[in-house]
Amino acid sequence: MSKMKYDVVVVGGRIAGSVSSLFASRGGADVLMIEKRQEIGTPVQCAEGTTPATFETLEMKPSKRFVASKIDGADVHAPDGRKFQIAGENSKGYILERKIFDKDLAVESAKSGTDIMMKTTVKDLIIRDGKVCGVVAEHMGKSVEIEADLVIAADGVESRVAKMAGLNTTKLPGDIYSCAQYEVVGLNTPPNWLKFYFGEEIAPGGYAWIFPKGKHRANVGLGIRGSNKTAYSYLQKFMSQFSATPVELKVGGVPLSGVVSKTFTDGLMVVGDAAGQVDPITGGGIHLAAACGRMAGEVAAEAVEVGDSSSKFLKKYEDIWSEKIGGNLETSLKYRRILDKLTDKDINIIVEFLETQDFEAISKLAALKFMGKHPNLLKVLKEIL
Ligand SMILES: Cc1cc2nc3c(=O)[nH]c(=O)nc-3n(C[C@H](O)[C@H](O)[C@H](O)COP(=O)(O)OP(=O)(O)OC[C@H]3O[C@@H](n4cnc5c(N)ncnc54)[C@H](O)[C@@H]3O)c2cc1C
């Protein structure tokens with residue numbers, strides 16, 4: 001078994017991993033990022049939509065290299081076919097080409113000094129006196145021991161690494177969107193507009209989407225929960241109404257349970273999907289993986305500089321993300337629980353109301369008056385709040 005030594009080892013080479021390693025390297029740490037696949041960014045398991053905040057966090061420009069579409073707004077379709085429109089400054093966003101975006105992030109990280117090992121799977125942690133001191137990985141059939149002051153687990157929704165350090169990162173099946181998506185060519189859909197579809201028949205426990213990727217391509221997909229049929233079978237049914245040619249099938253899971261109860265321990269931090277840092281309503285995790293990746297990377301560099309990667313020091317990471325995004329995620333989880341209780345009929349009624357409103361300027365009075373007319377909706381709200 002060969003041996004290596006780094007200040008920081010990052011497990012996982014997509015957004016959370018590349019951003020953590022980028023900011024740890026920029027902060028002066030000697031960093032190794034490990035990715036089990038042979039290429040960064042593939043296979044894509046994402047609808048690729050994100051907000052301008054991602055680029056602000058990363059202090060980079062939304063380059064044409066990896067922006068497939070700029071988005072101005074969205075249509076939200078109720079089960080009965082009614083729809084309302086979301087538009088305005090807060091609705092602007094981007095559809096990325098993640099194969100390029102993710103790899104560009106890894107390239108940036110490498111340019112800042114990060115070493116990268118591909119086709120290398122972390123199998124175990126080195127733990128001494130209760131503190132994580134490195135990883136044991138398998139590279140091309142050979143076992144490698146890599147010592148480190150600290151490890152960042154950025155290994156995605158199926159994360160095992162943080163669990164090996166004793167953190168509870170288990171996500172229950174009822175809290176995971178099971179997703180299937182085609183990238184298609186030739187769909188007749190506006191290039192700057194998203195479409196969302198709700199309904200038990202379309203995507204039980206979730207929703208379906210159409211995200212355009214320029215004029216000719218689009219991601220058409222859905223996420224479901226609590227069904228005994230597969231997401232793929234719902235996708236086949238949803239697609240049957242459109243005329244378009246699939247060029248790629250993407251599948252994957254999205255954790256919706258909110259952030260895990262603890263995101264650090266002696267010698268280890270957990271970040272991105274692995275930590276449940278995903279919006280529990282939309283399932284969006286790109287911006288949160290980038291934001292929390294940056295926070296973890298910066299705290300890692302500080303820990304190396306002061307020579308303290310104890311749990312006591314790394315708590316700083318949890319304090320920072322809790323302050324910056326914790327409140328929003330909790331609110332979103334609360335709203336998701338409300339949505340979970342709504343029937344198709346309830347959603348039809350809500351959309352009937354929203355059809356008549358300017359989404360960015362809905363008055364509390366109008367909403368309350370509307371609720372007053374629909375006791376079932378009020379009952380759901382009272383149960384939750
Ligand atoms: C179908 C679908 C659609 C989505 N659409 C959107 C969207 O439109 N917008 C949005 O914001 N979010 C979306 N998401 C969520 C988003 O993709 C994730 O939140 C984001 O990719 C999380 O990044 P991450 O780096 O934390 O994890 P991942 O992207 O899962 O990366 C984890 C990496 O770790 C590697 N790895 C795992 N275990 C090991 C190991 N033991 N050793 C070495 N490497 C390992 C994996 O190979 C992988 O490359 C979607 C998700 C799905 C499934």
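This tour goes from the ligand to a buried strand and then to a small open sheet. The model is predicted.

**Stop 1: the ligand**

Select the ligand and the residues around it. The shell has 32 residues, and Glu35, Ala47, Gly49, Arg98 and Asp273 come nearest. Sorted by class, the shell holds 12 nonpolar, 12 polar and 8 charged residues.

Now show the side chain of Glu35. One of its N or O atoms is 2.6 Å from an oxygen atom of the ligand. Next, show the backbone of Gly285 and Ile286. A backbone N or O atom of Gly285 is 3.0 Å from a ligand oxygen, and a polar backbone atom of Ile286 lies 2.9 Å from an oxygen atom of the ligand. How much of the ligand does the protein bury? Taken alone, the ligand exposes 1000 Å², and the protein buries 92% of that.

To see where the shell comes from, colour helix H1 (15–26), strand S9 (120–128) and strand S16 (245–255); these elements each give two or more residues to the shell. Then colour by domain. Domain 1 (2–71 + 91–170 + 257–329) and domain 2 (174–255) each supply at least three residues to the shell around the ligand.

**Stop 2: strand S5**

Select residues 73–77, which are strand S5. Is this strand mostly covered or mostly open? S5 is mostly covered, with 5 of its 5 residues buried. Turn on the side chains: Gly73, Asp75 and His77 point one way, while Ala74 and Val76 point the other way.

Add strand S6, residues 83–87, which pairs with S5 in the antiparallel sense over 5 bridges. Asp75 has Gln85 in S6 as its bridge partner. The hairpin of S5 and S6 has 5 residues between the strands. Pick Gly81 in this hairpin, where phi is positive, near 95 degrees.

Now add strand S13, residues 193–197; S13 and S5 run parallel and are joined by 5 bridges. Here the bridge partner of Val76 is Phe196 in S13. Strands of a sheet pair through backbone hydrogen bonds, either parallel or antiparallel.

**Stop 3: an open sheet**

Select strands S3, S7 and S4. In that order, these 3 strands form an open sheet with antiparallel pairing. Why does one side of S3 and of S4 lack a neighbour in the sheet? Strand S3 (49–50) and strand S4 (67–71) stand at the edges and each has a single partner strand, so one side of each is left without a neighbour.

Finish with the pairing of S3 and strand S7 (residues 93–96), where 2 bridges join the strands. Thr50 stands opposite Tyr94 in S7.

How values were computed
Residues are numbered from 1 along each chain as its sequence is written. This is a predicted model: local features need pLDDT of at least 70, side-chain atom pairs count only at pLDDT 80 or more; totals for chains, interfaces and linings use all residues. Side-chain values use heavy atoms; hydrogens and water are left out. A residue is near a molecule or strand if one of its heavy atoms lies within 4 Å of it. A polar contact is a pair of N or O atoms within 3.5 Å; within protein, one must be able to donate a hydrogen and the other to accept it, and residues adjacent in sequence count only if both atoms are side-chain atoms. Accessible areas come from the Shrake-Rupley method with a 1.4 Å probe; for residues, only the protein chains shown count as cover. Helices (H or I, at least four residues) and strands (E, at least two) are DSSP runs, numbered from the N terminus. Ala, Val, Leu, Ile, Met, Phe, Trp, Tyr, Cys and Pro count as nonpolar, Asp, Glu, Lys and Arg as charged, and the others, Gly among them, as polar. Domain bounds come from an automatic or database domain assignment. Buried means under 20% relative accessible area, exposed over 50%, partly exposed in between (1.4 Å probe, protein chains only). Two strands pair if DSSP finds at least two bridges between them.
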